[in-house]
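Q: Please take a close look at one part of this model, the interior of the chain. I would like the residues placed in their context, with the cut-offs behind each term.

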Amino acid sequence: MAATQTSLNIDDARFPLPGQEFEQQATPEVETKDFDYSKRSQWLRAAVLGANDGLVSIGSLMMGVGAVKQDVKAMILTGCAGLVAGASSMAIGEFVSVQSQLDIELAQIRRDKQLRRDSEELPEEEEGEKANLPSPTQASAASALSFALGASVPVLAASFIGQYKLRLGVVVAAVTVALMAFGWLGAVLGKAPTIKSSLRVLIGGWFAMAITFGLTKSIGSTGL
């Protein structure tokens, strides 16, 4: 009997049972699907904020100019100037902000390294920490490009419409669709509620354009 049990144990070790083989094969799949979505925040935050800022800022700016000027050329020039200025401002601001964050995190890593200098921890841990640090250049480029992409929507929408009232309506419609699209995209990439995120971005954009249009119209009616 003992020899028979020893033989069965050896056979089980050589030929695993179907259930055991399934568990061994299923483990790598679970590890492959495990993904930390927080790693996307370095470029996702800058890209989504830049696109929304470009849409709202330039859309509101063009609506404000359209409130007092019916000339299509004035709206297009205003939109183009705002696109260049806004993209440059976003790039510089994002670079300075992320670089400051990077300096703080690098200083913290150096302090932690000093504290565990005499410990037996592997040096690869520090390399892993540095690999997860934010990139100022990446965030700056993503912010500038996304702002320009968002700002180009109202500019292009107004470029081909000659009639004044129709042009304003097309700008509002184009900005609305783009805000919904960017809000949905940011929610999907960040694994956030899509409807709630899209509506929040859309309502904020409408509010900004309405305020800009109304105040500019009021100021223009005074004859200033």
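A: A residue is called buried when its relative accessible area is under 20%, exposed when it is over 50%, and partly exposed in between, using a 1.4 Å probe and the protein chains only. By that criterion Ser140 is buried, at a relative accessible area of 11%. Before going on, note that the model is predicted, with local features requiring pLDDT of at least 70 and side-chain atom pairs pLDDT 80 or more, while totals for chains, interfaces and linings use all residues. Numbering starts from 1 along each chain as its sequence is written, and side-chain values use heavy atoms, with hydrogens and water left out.

The setting comes before the detail. Helices (H or I, at least four residues) and strands (E, at least two) are DSSP runs, numbered from the N terminus. The protein chain has eight helices and zero strands, so its order from the N terminus reads α-α-α-α-α-α-α-α. Of its 224 residues, 30% count as buried. The chain exposes about 14300 Å², of which carbon and sulfur atoms supply 65%; these areas come from the Shrake-Rupley method with a 1.4 Å probe, and for residues only the protein chains shown count as cover. A contact means heavy atoms within 4.5 Å. Among contacts in the chain with a separation of 6 or more, 77% join residues 24 or more positions apart.

The interior can be read from its largest nonpolar core. Such a core is a set of buried Ala, Val, Leu, Ile, Met, Phe, Trp, Tyr and Cys residues joined through side-chain atoms within 4.5 Å. The largest one holds 24 residues, and Ile58, Met62, Phe147 and Leu179 have the most contacts inside it. Two or more residues of this core come from each of α3 (41-68), α4, α6, α7 and α8. Of the residues with the most core contacts, Phe147 touches Gly50, Ala51, Asp53, Gly54, Ile58, Gly82, Leu83, Gly86, Ala87 and Met90, if residues up to four places away in sequence are not counted.

Helix α4 covers residues 72-115. The expected span of a helix is 1.5 Å times one less than its number of residues. For the 44 residues of α4 this gives 64 Å, and the end C-alpha atoms are 64 Å apart, which agrees. At its N-terminal end α4 is capped by Asp71, which has a side-chain oxygen 3.2 Å from the backbone nitrogen of Lys73. A polar contact is a pair of N or O atoms within 3.5 Å; within protein, one must be able to donate a hydrogen and the other to accept it, and residues adjacent in sequence count only if both atoms are side-chain atoms. Within α4 sits Gly79, which is buried at a relative accessible area of 0%. Setting aside residues up to four places away in sequence, Gly79 touches Ile58, Met62 and Val155. Gly79 and Ser57 are 22 residues apart in sequence, and their C-alpha atoms are 9.3 Å apart.

Ser140, the residue taken up at the start, belongs to helix α6 (residues 136-159). Beyond its neighbours within four places in sequence, Ser140 is in contact with Ala91, Glu94 and Phe95.

Helix α7 (residues 164-189) includes Gly169, which is partly exposed at 38% relative accessibility. The C-alpha atoms of Gly169 and Ala157 lie 9.8 Å apart, with the two positions 12 residues apart in sequence numbering. The 26 residues of α7 should span 38 Å at 1.5 Å a residue, and the end C-alpha atoms are 38 Å apart, which agrees. The buried residues of α7 include Leu168, Val175, Thr176, Leu179, Phe182 and Gly183. After α7 comes Lys191, with a positive phi near 55 degrees.

Helix α8 (residues 194-221) contains Ser198, buried at 5% relative accessible area. Its contacts, leaving out neighbours within four places in sequence, are Met180, Gly183 and Trp184. Gly205 also lies in α8 and is buried, at 1% relative accessibility. With the same neighbours left aside, Gly205 is in contact with Val56 and Leu179. Gly205 and Thr176 are 29 residues apart in sequence and 7.8 Å apart, C-alpha to C-alpha.

Last, the record. An unreviewed UniProt entry lists residues 43-68, 74-96, 139-162, 168-189 and 201-220 under "transmembrane region". UniProt positions are given in the numbering used here, feature names are shortened, and annotations may be inferred rather than shown by experiment. In the model, residues 139-162 are 88% helix and 0% strand, with end C-alpha atoms 38 Å apart. Residues 168-189 are 100% helix and 0% strand, and their end C-alpha atoms are 32 Å apart.
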